[in-house]
Amino acid sequence: MLDDDDYPAYTMGRAAEIVGTSQEFLRRLDEAKLFTPFRSAGGHRRYSRYQLRLAVRAREMVDAGTALEAACRIIILEDQLEEALAENRRIQREQSAESA
């Protein structure tokens, strides 16, 4: 499970430490809908490595002067674009294989 980028392995305190930010910043990312942290059985927020990478990107952009909401929107759009490009490459490979 720990090899899984989506496994919620990190508590809020540990996530904030890894990202180099405050727990409040992580809460604000949730409010801005960059990601929704997982919840433990006790209701505590848990974060995956993928979510931590997004948080680091957001922190870097905010540190450079970008508004938090704008940074979150940019990151979401970048990820959507990357997914669309990957899907396009997959379709092109399939079409090439079919025509060969």
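Reader: Why is arginine 27 called partly exposed?
Author: Arginine 27 has a relative accessible area of 27%, and the scale calls a residue buried under 20%, exposed over 50% and partly exposed in between (1.4 Å probe, protein chains only); the value falls in the middle range, so arginine 27 is partly exposed. This is a predicted model, in which local features need pLDDT of at least 70 and side-chain atom pairs count only at pLDDT 80 or more, while totals for chains, interfaces and linings use all residues. Residues are numbered from 1 along each chain as its sequence is written, and side-chain values use heavy atoms, with hydrogens and water left out.

Reader: What makes the meeting of arginine 27 and glutamate 24 a salt bridge?
Author: The term requires a side-chain nitrogen of Lys or Arg within 4 Å of a carboxyl oxygen of Asp or Glu, and the N to O distance here is 3.2 Å, so the pair qualifies. Both residues lie in helix H2 (residues 23–31), three residues apart, about one turn of the helix, where a helix is a DSSP run of H or I with at least four residues, a strand is a run of E with at least two, and both are numbered from the N terminus. Glutamate 24, with a relative accessible area of 40%, is partly exposed as well.

Reader: How do you know that aspartate 30 and arginine 45 meet in a salt bridge?
Author: Their side chains come to 3.8 Å, N to O, which still satisfies the cut-off, so the name applies. This pair links distant parts of the chain, since aspartate 30 is in helix H2 and arginine 45 in strand S3, 15 residues apart. Aspartate 30 counts as buried at 17% relative accessibility, whereas arginine 45, at 22%, is partly exposed. A search of the whole structure finds eleven salt bridges, and Asp5, Arg49 and Arg53 are linked in a network of them.

Reader: What makes S2 an edge strand?
Author: The open sheet has three strands in the order S1-S3-S2, with antiparallel pairing. Strand S1 (10–11) and strand S2 (38–39) each pair on one side only, and they are therefore the edges, given that two strands pair if DSSP finds at least two bridges between them. Two bridges join S2 to strand S3 (residues 45–47), and in S3 the bridge partner of phenylalanine 38 is arginine 46. Helix H3 (residues 49–63) packs on the sheet, touching S1, S2 and S3, and its direction makes about 85° with that of S3.

Reader: Why is aspartate 79 called buried?
Author: Its relative accessibility is 17%, which is under the limit for that word, so aspartate 79 counts as buried. Aspartate 79 lies in helix H4 (residues 68–99), and, leaving aside its neighbours within four places in sequence, it is in contact (heavy atoms within 4.5 Å) with Tyr50, Leu54 and Arg57.

Reader: What makes lysine 33 stand out, given its phi?
Author: Lysine 33 has a positive phi of about 65° although it is not a glycine, and most residues other than glycine have a negative phi. Lysine 33 is found in the loop between H2 and S2; its relative accessible area of 65% is over the upper limit, so the residue is called exposed.

Methods
Axes fitted to C-alpha atoms, helices over the stretch in contact; angles between N-to-C directions.
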